[in-house]
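Opening the notebook on this one. I'll jot down what I look up as I go.

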Amino acid sequence: MRKTATKLADGRELIYYDLDGDVIREPADDPRPLPPVATTTEIRHDPVLGDDVVIASHRQTRTFLPPAEACPLCPSSPGRPTEIPASDYEVAVFENRFPSLAGEAAGRCEVVCFTSDHHASFAALGDDRAALVLAAWTDRTAELAALPSVRQVFCFENRGEEIGVTLGHPHGQIYAYPFVTRRTERMLASAAAHAARTGGRNLFDDTVAAERADGRRVVLAAGHWTAFVPYAAHWPYEVHLYPRRRVPDLLALDDAARTEFPQVYLELLRRFDRIFGTDQPPTPYVSAWHQAPFQDPRRDEFALHLELFTVRRAPGKLKFLAGSESGMNVFINDVPPETAAERLREVASE
């Protein structure tokens, strides 16, 4: 792999990742007359719930569902400069022009473009390209973790307008939070409580072992990864993917797990697109990496894992977060986890 860093016209960082380590990329200049990025990010702490809320009013003006010929994530072409001033690329990462988090004390937001092909999807990538994306996620996690203000790095993909995506080009994002998220704090607290109850056993290890032993909710069991629908799944179709060897973050994955990841992850994404039938539009989903907070004494008890879920519960029907979910955070799932797992096994690639 070769990594090439450059700057956009407004000073934001852009990094190209190429599979061929011998490639020498000469980054083109960004000809756009862009003003400096102006943000109004403010982080407020909710003393009642203990949550941190990001106030980012500048994002109201961000680009919203432009036509393919005006996509800012496609390669640049003569007369049409984009966020990526190159005629082609493999994987590109750049600082978000409309970041939720910005500034030395407020973290950082980046965009990860998985391919230059506007009409592709992550599921359509080959193994090598998926491995390159994993390498980019890992590299960005390491770089962002080194920033003084960053406590936690979150790599994720939102796919589909139903999820709220504002750009159709295949891409994901990385948020570098200046705090430990409430969700992660809850996981760490649950792990500590489990260890206290069981004489020091690890919650994540026990959860994966129990799912593998039960088997009913296991979707895919490979040599170095296990994918299952959790016992108390919140979403209609939800899969958690864990490496067989517990590690706190992407940086700690061994070579065997990295090598096997593309086959496992691409298979899961392709199954998601077949859940509701091949005559249905692509399945909207969120794919979210959960990594341990940095410089946290509890990080070695955390387990890196990916959570993949869709808001579609049936053809043409979405799972909305209504009163119970939004008002009390009590989810009501219409699809039994065992049924969801069975369906995800049925649509396995032949």
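Glu 338 first: buried or exposed? I get a relative accessible area of 27% for Glu 338, so I log this residue as partly exposed. Worth keeping in mind that I'm working on a predicted model here. Glu 338 sits in helix α6, which runs over residues 337-346. Next I asked what Glu 338 touches once residues up to four places away in sequence are not counted. The hits are Arg 216 and Arg 217. I also pulled the C-alpha to C-alpha distance from Glu 338 to Gly 215: 9.6 Å in space, with their positions 123 residues apart in sequence.

Second acid on my list: Asp 139, in helix α1 (residues 127-145). Its relative accessible area comes out at 17%, and since under 20% counts as buried, Asp 139 goes down as buried. Leaving aside neighbours within four places in sequence, I find Asp 139 in contact with Lys 3 and Tyr 17.

Then I turned to helix α2, residues 182-198. I count 17 residues in α2 and a reach of 24 Å from first C-alpha to last, close to the 24 Å expected at 1.5 Å a residue. Which residues of α2 are buried? My list reads Thr 184, Met 187, Leu 188, Ala 191 and His 194. They cover an arc of only 120° around the axis, so they lie on the same side of α2. On the face turned away from that buried side I noted the exposed residues Arg 186, Ala 196 and Arg 197. What do the buried residues of α2 pack against? I wrote down β7 (152-159), α3, β12 (285-290) and β13 (305-310). After α2 comes Gly 199, and I see a positive phi there, near 75°.

Last entry: the α2/α3 pair. For two packed helices, the description is the angle between the axes plus the distance between them. The axes of α2 and α3 (residues 203-214) come within 8 Å and cross at roughly 85°. I therefore file the two helices as roughly perpendicular to each other. On the α2 side, the contact is made by Met 187, Ser 190, Ala 191 and His 194, and on the α3 side by Leu 203, Phe 204 and Asp 206. Sorted by class, I have four nonpolar, two polar and one charged residues in this contact. Cross-checking against my buried list for α2, I find Met 187, Ala 191 and His 194 there, and these residues also take part in the contact with α3.

How values were computed: Residues numbered from 1 in each chain as written. Predicted model: local features only at pLDDT ≥ 70, side-chain atom pairs only at ≥ 80, totals over all residues. Heavy atoms only, no water. Axes fitted to C-alpha atoms, helices over the stretch in contact; angles between N-to-C directions. Helix = DSSP H or I, 4+ residues; strand = E, 2+ residues; numbered from the N terminus. Parallel < 35°, antiparallel > 145°, perpendicular 65-115°, else oblique. Contact = heavy atoms within 4.5 Å. Nonpolar A, V, L, I, M, F, W, Y, C, P; charged D, E, K, R; others polar. Expected span 1.5 Å × (residues − 1). Buried < 20%, exposed > 50% of the residue type's maximum accessible area, 1.4 Å probe, protein only. Arc of directions from axis to C-beta.
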